[in-house]
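User: I am new to this structure and would like a close look at one part of it. Could you pick one helix and walk me through its neighbours, and then the loops and helices around it?

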Amino acid sequence: MTKKQRALEIIERLKKEYPQADCTLDYDQAWKLLVSVRLAAQCTDARVNVVVEKLYEKFPDVNALAEAPVEEIEKLVHPCGLGNSKARDISACMKMLRDEYGGKVPDDFDKLLKLPGVGRKSANLIMGDVFGKPAIVTDYAGRIVGAAGGIH
C-alpha cells in the first residue's frame, strides 16, 4: 500500500468514526474564526458564539478591531475568561493581519503560526475549515474534534 493509499484509507476511517467532526464556532469570515479560536481557549464554543456577536457589533472588521483599544476588547471578551491576554492577542493579531497581510488571513500554516495567539491546533482549524486543506484538529487529550480538507 502506497502512502497515498494509506492516507486515503485513514481518511475514510476517520469519516466513519467521526461523522460530525465540524467546527462549532460561528463565523462567516476567516478573521472571525481566528478571533473565535483565540477566545475558545478554556471557554465553551457556545459562550464564544454569544460573546463575539457584541464584539463584532462594535468592531465589524479587521481594521476596526486593530484600531480598538485593548481595554475595550477586554471588556467585551471578559466572559470568555483570560480577558486581558486574549484581548492583547486579538489586538496584535488584527494589527498584523492589517499591516502584513492586507487584512486577509494567510493560507500558509507557518504564517498562521506567526500570528499572536495562534498555535498548531488553531492553525490546523483555519487551514482545514477556511481553506479546505488537509488538517486534523485534536483537543488536549488527543481526541479528534475537527477534521477538514476532504476528511469530512
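Analyst: Let's start with a pair of helices: α2 and α3 (residues 45-58) pack at an angle of about 130 degrees, and their axes lie 10 Å apart. Axes here are lines fitted to C-alpha atoms over the stretch in contact, with angles from 0 to 180 degrees between N-to-C directions. The angle makes α2 oblique to α3, a word for what is left after roughly parallel (under 35 degrees), roughly perpendicular (65 to 115) and roughly antiparallel (over 145). From α2, the residues W31, K32, V35, S36 and L39 take part, and on the α3 side they meet V48, V52, L55 and Y56. Contact means heavy atoms within 4.5 Å.

A word on what you are looking at: this is a predicted model, in which local features need pLDDT of at least 70 and side-chain atom pairs count only at pLDDT 80 or more, while totals for chains, interfaces and linings use all residues. Residues are numbered from 1 along each chain as its sequence is written, and side-chain values use heavy atoms, leaving out hydrogens and water.

Now to α2 itself. Ten of the ten residues of α2 are buried, so the helix is largely enclosed by the rest of the structure. Buried means under 20% relative accessible area, exposed over 50%, and partly exposed in between (1.4 Å probe, protein chains only). The buried residues are A30, W31, K32, L33, L34, V35, S36, V37, R38 and L39. What covers them includes α3, α4 (62-67), α5, α6 and α8 (120-130).

R38 is a good place to zoom in. R38 belongs to α2, which spans residues 30-39, and with 16% relative accessibility R38 counts as buried. The side chains of R38 and D89 are joined by a polar contact of 2.7 Å; such a contact is a donor-acceptor pair of N or O atoms within 3.5 Å. Leaving aside residues up to four places away in sequence, R38 touches S85, K86, D89, I90 and G117.

Next, follow the chain into the loop between α2 and α3, where you find Q42. Q42 has a relative accessible area of 73%, which means that Q42 is exposed. Its phi is near 55 degrees, a positive value in a residue other than glycine. For background, most residues other than glycine have a negative phi.

The loop between α3 and α4 holds F59. F59 is buried, with a relative accessible area of 8%. Residues up to four places away in sequence aside, F59 touches W31, A64, L65, A68, E72 and L76. W31 is also one of the α2 residues that meet α3. The C-alpha atoms of F59 and K104, 45 residues apart along the chain, are separated by 16 Å.

Two of the helices that help cover α2 are α5 and α6. α5 and α6 pack at an angle of about 125 degrees, with their axes 8 Å apart, which makes α5 oblique to α6. Here V70, I73, E74 and V77 in α5 meet G83, N84, A87, R88, I90 and S91 in α6. I90 may look familiar, as R38 touches I90. In the loop between α5 (70-77) and α6 (83-101) sits L82, whose phi, near 50 degrees, is positive in a residue other than glycine. L82 counts as partly exposed, at 46% relative accessibility.

Methods
Helix = DSSP H or I, 4+ residues; strand = E, 2+ residues; numbered from the N terminus.
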